[in-house]
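Hi,

Here is the structure I promised to pass on. Have a look at it first, and then read my notes below.

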Amino acid sequence: MPNKRIAITGTTKLADFIKRTFEASPWMGGTFEIKQLRMEDITVNGTNCWIFDENNKQACCDILINHAHKDFEQVKILEIADRAWRNNPNKMIINISSRAAQPNISKGHLYASQKAALNHFANNLTYNSDRQYKMTTLNLGLMNSDLPSLDYTYVAGYIYELVTRYPDVEFSEVVMSHRANYRDVQNDKQTLLDLEKSGLI
(Lines give C-alpha, C1' and ligand atoms only; values in the text may rest on other atoms or scores of the structure.)
Protein backbone atom coordinates (compact mmCIF):
# COMPACT_ATOMS: atom_id res chain seq x y z
CA MET A 1 0.00 0.00 0.00
CA PRO A 2 1.55 3.38 -0.98
CA ASN A 3 2.16 6.09 1.57
CA LYS A 4 -0.53 8.67 2.18
CA ARG A 5 0.42 12.34 2.06
CA ILE A 6 -1.40 14.71 4.41
CA ALA A 7 -1.25 18.49 4.45
CA ILE A 8 -2.47 20.23 7.58
CA THR A 9 -2.75 23.99 7.89
CA GLY A 10 -1.51 25.45 11.13
CA THR A 11 1.08 24.88 13.83
CA THR A 12 -1.19 24.79 16.88
CA LYS A 13 -0.99 22.17 19.63
CA LEU A 14 -3.93 20.35 18.05
CA ALA A 15 -2.13 20.31 14.69
CA ASP A 16 0.94 18.90 16.41
CA PHE A 17 -1.12 16.15 18.06
CA ILE A 18 -2.72 15.27 14.73
CA LYS A 19 0.69 15.12 13.05
CA ARG A 20 2.17 12.87 15.75
CA THR A 21 -0.87 10.58 15.73
CA PHE A 22 -0.58 9.88 12.02
CA GLU A 23 3.19 9.56 12.06
CA ALA A 24 3.01 6.99 14.88
CA SER A 25 0.30 4.86 13.28
CA PRO A 26 0.72 2.61 10.23
CA TRP A 27 -2.00 2.45 7.62
CA MET A 28 -2.63 -0.91 5.95
CA GLY A 29 1.08 -1.49 5.51
CA GLY A 30 1.82 2.07 4.44
CA THR A 31 2.81 5.17 6.34
CA PHE A 32 1.72 8.79 6.50
CA GLU A 33 3.79 11.73 5.32
CA ILE A 34 2.62 14.91 7.04
CA LYS A 35 3.42 18.49 6.09
CA GLN A 36 2.25 21.40 8.23
CA LEU A 37 1.48 24.52 6.19
CA ARG A 38 1.31 28.12 7.29
CA MET A 39 -1.49 30.26 5.86
CA GLU A 40 1.03 32.22 3.83
CA ASP A 41 2.19 28.97 2.20
CA ILE A 42 -1.17 28.62 0.44
CA THR A 43 -2.16 31.26 -2.09
CA VAL A 44 -5.63 32.02 -3.37
CA ASN A 45 -4.64 31.12 -6.92
CA GLY A 46 -3.76 27.61 -5.80
CA THR A 47 -0.05 27.47 -6.55
CA ASN A 48 1.09 25.70 -3.39
CA CYS A 49 2.62 22.35 -4.32
CA TRP A 50 0.85 20.45 -1.55
CA ILE A 51 -2.47 21.10 -3.26
CA PHE A 52 -1.38 21.47 -6.90
CA ASP A 53 1.74 20.29 -8.64
CA GLU A 54 3.98 22.85 -10.34
CA ASN A 55 1.82 22.77 -13.46
CA ASN A 56 -1.40 23.12 -11.44
CA LYS A 57 -2.72 19.91 -12.94
CA GLN A 58 -2.60 17.33 -10.17
CA ALA A 59 -2.97 17.44 -6.41
CA CYS A 60 0.22 16.49 -4.58
CA CYS A 61 -1.29 15.48 -1.25
CA ASP A 62 -4.04 12.96 -0.66
CA ILE A 63 -5.69 14.49 2.40
CA LEU A 64 -6.07 18.14 3.40
CA ILE A 65 -6.84 19.00 7.02
CA ASN A 66 -8.13 22.56 6.76
CA HIS A 67 -7.35 23.56 10.33
CA ALA A 68 -5.68 26.94 10.81
CA HIS A 69 -8.13 29.77 11.43
CA LYS A 70 -7.45 33.30 10.24
CA ASP A 71 -10.31 35.55 9.17
CA PHE A 72 -12.09 33.80 6.26
CA GLU A 73 -8.96 32.03 4.97
CA GLN A 74 -10.35 28.54 5.66
CA VAL A 75 -13.12 29.23 3.16
CA LYS A 76 -10.56 30.31 0.55
CA ILE A 77 -8.44 27.21 1.16
CA LEU A 78 -11.48 24.96 0.77
CA GLU A 79 -12.26 26.68 -2.53
CA ILE A 80 -8.69 26.04 -3.75
CA ALA A 81 -8.86 22.37 -2.81
CA ASP A 82 -12.30 21.97 -4.35
CA ARG A 83 -11.07 23.32 -7.69
CA ALA A 84 -8.09 20.98 -7.58
CA TRP A 85 -9.94 17.86 -6.46
CA ARG A 86 -13.49 18.26 -7.76
CA ASN A 87 -13.26 15.16 -9.97
CA ASN A 88 -10.93 13.05 -7.82
CA PRO A 89 -12.61 10.37 -5.65
CA ASN A 90 -9.27 9.45 -4.02
CA LYS A 91 -8.89 12.74 -2.13
CA MET A 92 -10.27 13.82 1.25
CA ILE A 93 -10.78 17.14 3.04
CA ILE A 94 -11.33 17.53 6.78
CA ASN A 95 -12.45 21.02 7.80
CA ILE A 96 -11.78 21.90 11.43
CA SER A 97 -14.67 24.15 12.38
CA SER A 98 -16.35 24.98 15.66
CA ARG A 99 -19.54 24.44 17.58
CA ALA A 100 -19.62 28.27 17.63
CA ALA A 101 -20.76 28.15 14.00
CA GLN A 102 -24.24 27.35 15.27
CA PRO A 103 -26.49 30.42 15.65
CA ASN A 104 -26.97 32.06 19.05
CA ILE A 105 -24.21 30.06 20.75
CA SER A 106 -21.00 32.09 20.71
CA LYS A 107 -20.49 35.62 21.97
CA GLY A 108 -17.50 35.86 19.67
CA HIS A 109 -19.68 37.01 16.80
CA LEU A 110 -16.98 37.54 14.17
CA TYR A 111 -15.29 34.21 14.92
CA ALA A 112 -18.67 32.47 14.81
CA SER A 113 -19.46 34.10 11.45
CA GLN A 114 -16.15 32.97 9.98
CA LYS A 115 -16.73 29.38 11.08
CA ALA A 116 -20.35 29.54 9.89
CA ALA A 117 -19.11 30.66 6.47
CA LEU A 118 -16.81 27.63 6.30
CA ASN A 119 -19.67 25.31 7.24
CA HIS A 120 -22.04 26.94 4.78
CA PHE A 121 -19.59 26.57 1.89
CA ALA A 122 -18.83 22.96 2.86
CA ASN A 123 -22.54 22.15 3.00
CA ASN A 124 -23.09 23.68 -0.43
CA LEU A 125 -20.28 21.55 -1.83
CA THR A 126 -21.77 18.47 -0.14
CA TYR A 127 -25.35 18.92 -1.32
CA ASN A 128 -25.18 21.21 -4.37
CA SER A 129 -22.11 20.19 -6.36
CA ASP A 130 -20.73 17.30 -8.37
CA ARG A 131 -17.63 16.86 -6.21
CA GLN A 132 -16.09 13.39 -6.04
CA TYR A 133 -13.71 13.74 -3.05
CA LYS A 134 -14.72 12.90 0.52
CA MET A 135 -15.24 15.71 3.01
CA THR A 136 -15.99 16.01 6.72
CA THR A 137 -16.55 19.20 8.67
CA LEU A 138 -15.69 18.69 12.32
CA ASN A 139 -17.29 21.17 14.74
CA LEU A 140 -15.29 21.18 17.97
CA GLY A 141 -16.37 22.41 21.37
CA LEU A 142 -14.14 23.78 24.12
CA MET A 143 -10.68 22.18 24.07
CA ASN A 144 -7.95 21.53 26.66
CA SER A 145 -9.43 23.78 29.31
CA ASP A 146 -9.53 23.46 33.09
CA LEU A 147 -13.28 23.27 32.55
CA PRO A 148 -14.85 20.08 31.12
CA SER A 149 -13.49 20.01 27.58
CA LEU A 150 -12.16 17.90 24.73
CA ASP A 151 -8.64 16.52 24.86
CA TYR A 152 -6.28 17.01 21.92
CA THR A 153 -5.46 13.29 21.92
CA TYR A 154 -9.10 12.30 21.51
CA VAL A 155 -9.70 14.71 18.62
CA ALA A 156 -6.52 13.61 16.83
CA GLY A 157 -7.53 9.97 17.29
CA TYR A 158 -10.98 10.62 15.86
CA ILE A 159 -9.48 12.28 12.78
CA TYR A 160 -7.18 9.28 12.34
CA GLU A 161 -10.23 7.00 12.49
CA LEU A 162 -12.04 9.11 9.89
CA VAL A 163 -9.15 8.70 7.49
CA THR A 164 -8.34 5.04 8.05
CA ARG A 165 -11.47 3.12 9.03
CA TYR A 166 -14.33 4.22 6.79
CA PRO A 167 -13.36 4.04 3.10
CA ASP A 168 -16.96 3.97 1.87
CA VAL A 169 -18.66 6.13 4.51
CA GLU A 170 -18.72 9.93 4.60
CA PHE A 171 -19.46 11.79 7.82
CA SER A 172 -20.42 15.10 6.25
CA GLU A 173 -20.67 17.05 9.49
CA VAL A 174 -19.81 16.06 13.06
CA VAL A 175 -20.19 18.02 16.30
CA MET A 176 -17.79 16.92 19.03
CA SER A 177 -17.75 18.25 22.57
CA HIS A 178 -17.42 17.17 26.18
CA ARG A 179 -20.59 15.53 27.51
CA ALA A 180 -20.98 18.14 30.28
CA ASN A 181 -24.04 20.38 30.03
CA TYR A 182 -23.30 23.24 27.66
CA ARG A 183 -24.99 25.98 29.71
CA ASP A 184 -23.24 24.90 32.91
CA VAL A 185 -19.84 24.99 31.23
CA GLN A 186 -20.53 28.40 29.67
CA ASN A 187 -21.65 29.81 33.04
CA ASP A 188 -18.46 28.52 34.67
CA LYS A 189 -16.41 29.94 31.80
CA GLN A 190 -17.99 33.37 32.27
CA THR A 191 -17.36 33.21 36.01
CA LEU A 192 -13.67 32.54 35.38
CA LEU A 193 -13.49 35.44 32.92
CA ASP A 194 -15.12 37.77 35.45
CA LEU A 195 -12.67 36.69 38.14
CA GLU A 196 -9.73 37.27 35.78
CA LYS A 197 -10.97 40.75 34.91
CA SER A 198 -11.36 41.61 38.56
CA GLY A 199 -7.84 40.39 39.32
CA LEU A 200 -9.01 37.76 41.78
CA ILE A 201 -7.28 34.94 39.89
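**The largest pocket**

The lining of the largest pocket is made up of 27 residues, and those nearest its centre are Ser98, Ala100, Tyr111, Leu142 and Lys189. Before you go further, keep in mind that this is a predicted model.

How much space lies in the largest pocket? It comes to about 710 Å³. If you want to find your way around the lining, start with strand S4 (92-98), helix H3 (109-127) and helix H5 (182-198), since each of these supplies at least two of its residues. H5 gives the most, with 6 residues. Sorted by class, the pocket lining has 12 nonpolar residues, 11 polar ones and 4 charged ones.

**A cavity as well**

Rolling a probe the size of a water molecule over the atoms shows where empty space is left. Counting cavities of 30 Å³ or more gives 1. The largest cavity has a volume of about 70 Å³.

Which residues line the largest cavity? They are Arg99, Gly141, Leu142, Pro148, Ser149, Leu150, Ser177, His178, Ala180, Tyr182, Val185 and Gln186. By class, that lining splits into 6 nonpolar, 5 polar and 1 charged. You will have met Leu142 already: it is among the residues nearest the centre of the largest pocket, and it also lines the largest cavity.

**Two helices to look at**

Helix H1 covers residues 13-24, so to speak a run of 12 residues, and it reaches 16 Å from its first C-alpha to its last, close to the 16 Å expected at 1.5 Å a residue. Leu14, Ala15, Ile18 and Phe22 are its buried residues. Looking down the axis of H1, you see these buried residues fall within an arc of 100 degrees, so they line one face of the helix. Lys13 and Ala24, on the other side of H1, are exposed.

What covers the buried residues of H1? The cover includes strands S1 (4-9), S2 (32-37), S3 (63-66) and S5 (134-140), along with helix H4 (152-164).

Helix H2 (residues 73-85) has 13 residues, and its first and last C-alpha are 18 Å apart, close to the 18 Å expected at 1.5 Å a residue. Buried in H2 are Gln74, Ile77, Leu78, Ile80, Ala81, Asp82 and Trp85. These buried residues pack against S1, S3, S4, H3 and S5. S4 and H3 are elements you have seen before, as both supply residues to the lining of the largest pocket.

Over to you!

Technical notes. Residues are numbered from 1 along each chain as its sequence is written. This is a predicted model: local features need pLDDT of at least 70, side-chain atom pairs count only at pLDDT 80 or more; totals for chains, interfaces and linings use all residues. Side-chain values use heavy atoms; hydrogens and water are left out. On a 1 Å grid over the protein atoms alone, a cavity is a set of points where a 1.4 Å probe fits but cannot get out, and a pocket is an open set with protein on both sides within 12 Å along at least five of seven lines; lining residues have an atom within 4 Å of a point. Grid points are joined across faces, edges and corners, and a volume is the space filled by probe spheres set on the points. Helices (H or I, at least four residues) and strands (E, at least two) are DSSP runs, numbered from the N terminus. Ala, Val, Leu, Ile, Met, Phe, Trp, Tyr, Cys and Pro count as nonpolar, Asp, Glu, Lys and Arg as charged, and the others, Gly among them, as polar. The expected span of a helix is 1.5 Å times one less than its number of residues. Buried means under 20% relative accessible area, exposed over 50%, partly exposed in between (1.4 Å probe, protein chains only). The arc is that of the directions from the helix axis to the C-beta atoms. Contact means heavy atoms within 4.5 Å.
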